[in-house]
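The paragraphs below go from the chain as a whole to one helix, then to a single residue, and finally to an enclosed space. Please keep the sequence and the model in view while reading.

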Amino acid sequence: MNTTLAPRNDAVCRRCGATGPPAARFCMACGVAITATQPAQARIRLVTVVFCDVERSTELAVRLGGELWNDVLEAYFTDVSQALHARGGRLEKFIGDAVVGVFGADGEHEDDAVRAVQAAGEALRRLAARAKALRRRGIELSVRFGIASGRVLTTTRSASFAVGPVTNRAARLQQFAPSGGVVLDLKTWLLARQAVRCRPLDPVEAKGFAQPLRCWLVEQHGGPPVGQPVDELVNQRRLMADLTTRLERAMREPGLSTLALEGDIGVGKTRILHQLGRALESRGQVLFVTCKHDGDRRGLWPLQQLDHELARLSGGQAGQVGPARDERAGRSAAHPSAEELRWTLRRRLARLSRGRPVVVIVDDCHKALDQLAQLCGGPDEPGGGSVVLLLSGRVLPALPIPEADRLAVPLLAPAESRTLLESLSARLSLPGALPHADEIVLRSGGNPLFLEQLAALTASETATETGAETGAETGAGADRRDLIAPSAEAALGSRIDRLGPQAVRILGCAGAWGGQVALTDLLATCGMGEAEVDAALSQLAEGGLELTSAFVGEVAYTRLRLADRARVHADIAEHLRRRALRHPGDIDSAALHAEHAHRAWHDLAPGAAEDRSAAARAAGCLCAAARLAISRADVSLGLELAGRARRLRIAGPALEAEIGAIETYALAACGRPAEALARIRRTRARVPARANLPAAANLRANELAILFTRGTWDAELLRQAHRLAELSGDAGTRARLLLLEALRAAQSGDYRAAEASLRVAESQARRAAYCFGESEIFGNLALCLAYGGTPVTQALAECADLRRRLAETPVRDAAVACPMAFLLAMRGHGRRAESLLAEAESVFAGTGHLIGKAGAYEFRGMVRELQDDLPGAAGWLDRAAALYREMGLAAAAERCRMKSALATGVAPKAPLRPGPRAPWDMRALAHQVAALRQHRLGHVEAAREHLAAALHEIEGVRGEGAVIIALRSCLRLSASFGSEADTTRIGAALMEAEKRKT
């Protein structure tokens, strides 16, 4: 038997949501004029499904016969149906002797789950009233109820109008209920536990569900609700005193201190943090930040928010350390990586703390634990005052702090829970003691949030979402939307459900954006016209829903159909991709939204045109984000993003070439040149150059760079790459090729030609949105300014200009600062040079940039040599050699080892013999060290021959700055064993080089 009832056409008030009979023209609750609703369109709602079935029905049917069994069923169907309707439920269908009802299908209410449980109890009471008459006829009728809550798609069909797995879950739970029992799933228990007494059952293995289902058996119903919860610290005074003492002690100590406050959802962490912040405002500078997720990738959102808060407090510009950003710098040099952002934050905190202590309170830090763990685990900044990080979250195992500095928020003891209930009763002006107090204390389990919600229900007032901690992500993805607290979702969902489709769409779009979104961005991506937007905003204002509330938007997002989610994310991705032309950093978010759009379309219509189009969009955004990551020297991220684009399996030679160009550059930069070279040649063989000219040019540039590092220069390959770059008009590729030519010129000693090429490369890189090797361009340009023929004054000015433009990217700024320090030392400003190099070293160490750190050591050795501090120079050069050797950079390590030997006058035992294609400085150093070695052995003539060979190498160098250090070493050697004429000639050459440079 399978019978359905037609949906009712009740009159619904659009203001308060109350329902009345179909003939009503005025709301019976608020008096506003209403009209009968049309059949609802298909939409997503949070519903509670009631599934009731008769035990041993087959046995009864056989024993009673058709006519008598039909009479029993009719009475049973009547009792259950009337109980469902009496509580506001909708009867969906009969399946044999099973009855399926739905609460919330026609319009959500905050207490749908409670009413569903109450309806089941009412049905049991009605059936119990018939039991005596049935027993007289020898019939024992026993039923079981399973109740489950979840999101479903409510369609316009008269049967099976609630589509979703929640009905199956209710049916499975019914099978495990005892006779005359009601079993709830997890979400229903969370929604209804304030009003009903439940006891947990063992998880059940249910057919069709991968994981065991957690369930509770209903024992009794709860009482009426009460009013608003209050902020009350009952059992936390000792914790507050302990935290205050620790914070005050930490505020007196210099450097960075970290404390952790751990506790589960709803235990009152946020209330404690706010009270602490108010108490500490008079003693220091207090910042309060609440973490939110930025998707599922890098976790930068909390760090960026903290950066903006610190910038606001200091009156500076977010994302900037040092001089103000020069707008002429173009688009490509202002996108800090995660390491740079953490270093920037530590520097900001150090500067702010010089006057007064700084306390940074970070709530919900478990949503960005990895990033915050690395932030608090970083080195102290020199010159800073006291900085205290108070990190609060659920479970914080990754924080690098001792157990002694971890504090946990305790749960309420029974006596403390009663104290809180008494304060609630006094606040709400309830007569006498709060009813059912013992029941509320027992069911709260010591959780203040649950206790407050139970008290609100007992006081017969609407429970609200105020103070609820949901753990829900506010990022763009839908992957974790089920983490929204069911009670809050029910409360907000009932209000959102009364909105028109335009208002729901704009709220859902805000939820898809995640966090705070500018109104202009929201309006550009909600897919509505101006009139529709105005109407939607009016509805939101009338309903008391804030467009800027990420939590409201997140709940509205769950109401969007899968196709609507795909379209919203696609619109956001396109908007961000266009905006990335001016603000390249937006391409990261564009890629994330494009991936979400593709995932939704792929789930909805795999292989369809929309799925293919979304995949192509996602691949394009991922490739652009990978290029940006590589341009800011984050090659590991670039490789990961390109791999995600490849896994989308989009057919097409253009995309294959693009991904190949990105991956091969990253592979080479990660120290896998053989793998990169094989991939380059495989891609070039498969994809014709005309399919993607910029990618074809970059593939050849990647191959040329790998060969160059192996001592080979392929002029034909360079010519091909130049031709393809010109045909494509890609400025970034042209800049990359100019960089390679400049490196080759510098290796041969022609720093003037290298500087000229790098100047053109730098201007080309400004014009490009993303440029491979961009960091190398800036660093090598500064190096050529120091080593080439540009006078020191002009070179210093140009380096300072580069640093102004790179102020927001500390690693690149530090790369420029090292050659700039060398220039300062030439002018005799040794102290300023040492300070600049110490700052650069701090940046490299703080961001984990080991090559940069070794380079800073090497420059410190050169600066000490210019100051005639040869032992100090040798010490820094030895440190640089050790770090280079640790990284496997043998040539760089050998260069520093030979420079140290020349500074100390002690020749190494194993001389280096570079080949004829080795860089000029390595050849000159090898001859200088050989001269020193021969002199120590007493072979003066051999020593002079090697010295002459070193001078010959130096004489071919076009760059006064580069030869100064080399000539100083030659002068010291000549003074030991050379002729007077040689010494005079070398001294004159050195003076001439210094004169031209300075």
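Of the contacts in the chain with a separation of 6 or more, 72% are between residues 24 or more positions apart. This is a predicted model, and its chain has 998 residues, of which 56% are buried. The secondary structure comes to 39 helices and 15 strands. The chain exposes about 41500 Å², and carbon and sulfur atoms supply 52% of that area.

Helix α6 is a convenient place to look at burial in detail. This helix covers residues 237-251, and its 15 residues reach 21 Å from the first C-alpha to the last, which is close to the 21 Å expected at 1.5 Å a residue. Which residues of α6 are buried? They are L239, M240, L243, T244, R246, L247, A250 and M251, a list in which the charged residue R246 stands beside nonpolar ones such as L247. An α-helix has 3.6 residues a turn, so residues three or four places apart point the same way. The cover over the buried residues of α6 includes the helix α7 (269-280) and the strands β11 (255-262), β13 (358-363), β14 (386-393) and β15 (406-408).

A single residue in another helix can be followed in a similar way. E841 has its place in helix α32, which is made up of residues 830-846. Is E841 buried or exposed? With a relative accessible area of 16%, E841 is buried, because burial here means a value under 20%. When residues up to four places away in sequence are not counted, E841 touches K853, A856, Y857, R860 and W876.

The last topic is the space enclosed by the protein. Rolling a probe the size of a water molecule over the atoms shows where empty space is left. A search of the whole structure finds eight cavities of 30 Å³ or more, and the second largest cavity holds about 60 Å³ of space. This second largest cavity is lined by 11 residues, and the closest to its centre are L46, H109, D112, L191 and A490. Strand β3 (43-54) and helix α3 (112-136) each supply at least two residues of its lining, and β3 gives the most, with three residues. By character, the lining of the second largest cavity divides into five nonpolar, two polar and four charged residues.

Note on methods
Residues numbered from 1 in each chain as written. Predicted model: local features only at pLDDT ≥ 70, side-chain atom pairs only at ≥ 80, totals over all residues. Heavy atoms only, no water. 1 Å grid on protein atoms, 1.4 Å probe; cavity = no way out; pocket = protein on both sides within 12 Å on 5 of 7 lines; lining within 4 Å. Points joined across faces, edges and corners; volume = space filled by probe spheres on them. Helix = DSSP H or I, 4+ residues; strand = E, 2+ residues; numbered from the N terminus. Expected span 1.5 Å × (residues − 1). Buried < 20%, exposed > 50% of the residue type's maximum accessible area, 1.4 Å probe, protein only. Contact = heavy atoms within 4.5 Å. Areas by Shrake-Rupley, 256 points an atom, 1.4 Å probe, with all protein chains shown as cover.
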